[in-house]
Amino acid sequence: MGYRRWKFWKLDKHMHEALSLNRLLKELNQVFEDFPDPRTGSNTQYEMSDAGKAAFSVFFTQCASFLEHQEEMQRLKGRSNAQTLFGMKNIPSDSHIRSMLDGVPPSRVGSIYRLVFERLEAGGILDGLRSYAKSLLIAMDGTEYFSSSAIYCANCSHRERSNGKTNYYHSALTPVIVQSGNEHVISLEPEFITPQDGHEKQDCEIEAGKRWLRTHGKYYARRNATLLGDDLYSCQPFCLAVQEAGLHFILVCKPDSHLHLYESVAFLETQGLLGKFQKRVWNGKYGEIYTYRYANQLPVRAGSDALLVNWVELIVTHEESGEVLYKNAFITDFEILETTVEAIARDGRARWKVENENNNILKTKGYHLEHNFGHGEFLSSLLLSLNLLAFLFHTVMDLVDEKYHLLRQALRKRRKFFQHLETLLEYLLFDSWDALFSFMCRGLELDTS
């Protein structure tokens with residue numbers, strides 16, 4: 001089966017409008033309107049929705065000084081892009097934004113992830129992202145988005161360094177829909193790794209993963225989803241939690257953390273009972289030999305109550321030199337046959353996309369994921385959620401907004417596109433996003449007819 005590369009989708013008028021930037025911003029702004037406001041008396045110069053819009057605008061434009069520029073434009077022109085493009089009535093200061101948003105839990109914006117997912121589903125776009133067994137692959141991984149030995153809050157996790165100092169940090173799970181051969185990912189609801197009420201032990205990635213499954217697992221299970229994860233997740237308690245949610249799984253499985261399972265593999269090998277499959281693949285420069293070993297119904301751990309899983313190993317070697325180019329193994333609940341082993345291993349390998357095409361982009365391509373945007377009750381996690389939503393909106397626009405798609409193709413590098421955007425928004429006033437993108441397309445002589 002061939003897999004669809006990222007492309008511009010021509011949707012019918014109704015679905016195109018439903019996924020348009022104007023519509024998505026309108027939906028998000030309605031969420032901002034419902035933000036809880038604990039303020040009383042006359043301390044209400046700015047509306048809560050303005051604080052939400054202001055914070056999101058900085059992430060969406062990838063411009064830390066966006067609001068400062070818009071305040072100056074407001075002074076000179078009487079209007080600003082903060083008003084025309086993001087719907088702000090007034091522009092709060094940075095300190096106002098932080099203090100106003102600190103009491104807003106990130107769950108208040110969670111509905112937007114689900115809304116975008118369902119519209120991508122209704123538009124048929126998600127069907128183009130399905131993989132083996134027509135499944136949607138959800139890659140899960142934890143990432144830190146703040147770290148310091150001096151700055152911390154009550155919601156920080158901590159670890160002791162070898163030098164005796166304490167390191168404080170924030171981290172979260174950032175699940176995304178991925179597909180082998182597809183350079184983009186679709187962001188889903190994050191789960192934050194924070195101290196939990198009533199728990200003496202520090203929160204961890206696995207426990208956060210279980211919470212995500214309890215909250216969202218059954219919903220995505222109804223969409224025939226498969227969870228991908230690294231070796232940390234391939235333990236019996238987490239696999240059982242995945243199955244209880246109704247999801248499939250393909251998880252990295254390393255020998256040093258699965259001694260009992262690999263003893264079973266070694267025994268089957270000596271008995272000639274281990275499945276094997278090999279093929280040659282031309283990568284455009286030289287031949288590669290793909291060697292698969294696989295077995296079904298192996299215990300994931302020692303003990304009579306061990307969960308039985310299916311196991312596959314892939315080793316890729318250089319055809320001429322014999323150099324090992326890739327080696328990894330996975331456990332899964334999918335039955336592994338000679339006719340399915342390639343597809344299952346391929347999908348397992350797609351797990352790395354949550355790191356390379358999600359977390360790393362968010363850290364190095366203008367989203368500044370690891371920057372300290374704020375601490376407090378909920379501020380850090382809410383701002384991360386808004387940052388992820390900005391990334392999600394950009395992805396959707398690349399899918400369905402022809403002008404945005406053409407601009408991203410023409411300017412190639414993500415950072416270059418946002419540098420152009422930043423400059424234009426600093427000096428020129430635009431009545432709409434379409435007017436802005438049309439202006440950019442004309443300047444670059446791009447055909448939008």
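## Core, cavity and a buried glutamate

In this predicted model, the largest nonpolar core takes in 142 residues. Phe56, Trp311, Ile331, Phe393, Leu436 and Phe437 have the most contacts inside that core. Helix 13, running over residues 379–400, gives the most to the core, with 15 residues.

Let's zoom in on Phe56. Leaving aside residues up to four places away in sequence, Phe56 touches Leu25, Leu28, Phe32, Phe86, Leu386, Leu389, Ala390 and Phe393.

Now for the empty space. The structure holds 4 cavities of 30 Å³ or more. Here's a quick look at the largest cavity:

| Feature of the largest cavity | Value |
|---|---|
| Volume | about 80 Å³ |
| Lining residues from helix 13 | 4 residues |
| Nonpolar lining | 6 residues |
| Polar lining | 6 residues |
| Charged lining | no residues |

Helix 13 turns up again here, with the largest share of the lining. Strand 2 (142–148) also supplies at least two residues of the lining. Among the residues that line the cavity are Tyr145, Phe146, His170, His371, Asn372, Ser380, Leu383, Leu384 and Asn387.

One charged residue is worth a look too: is Glu357 buried or exposed? Glu357 counts as buried because its relative accessible area is 13%, under the 20% cut-off. Glu357 is found in helix 12, which covers residues 353–364. Beyond residues up to four places away in sequence, Glu357 touches Asn182, Glu183, His184 and Val185, along with Trp352 and Phe391.

Notes. Residues are numbered from 1 along each chain as its sequence is written. This is a predicted model: local features need pLDDT of at least 70, side-chain atom pairs count only at pLDDT 80 or more; totals for chains, interfaces and linings use all residues. Side-chain values use heavy atoms; hydrogens and water are left out. A nonpolar core is a set of buried Ala, Val, Leu, Ile, Met, Phe, Trp, Tyr and Cys residues joined through side-chain atoms within 4.5 Å. Buried means under 20% relative accessible area, exposed over 50%, partly exposed in between (1.4 Å probe, protein chains only). Contact means heavy atoms within 4.5 Å. On a 1 Å grid over the protein atoms alone, a cavity is a set of points where a 1.4 Å probe fits but cannot get out, and a pocket is an open set with protein on both sides within 12 Å along at least five of seven lines; lining residues have an atom within 4 Å of a point. Grid points are joined across faces, edges and corners, and a volume is the space filled by probe spheres set on the points. Ala, Val, Leu, Ile, Met, Phe, Trp, Tyr, Cys and Pro count as nonpolar, Asp, Glu, Lys and Arg as charged, and the others, Gly among them, as polar.
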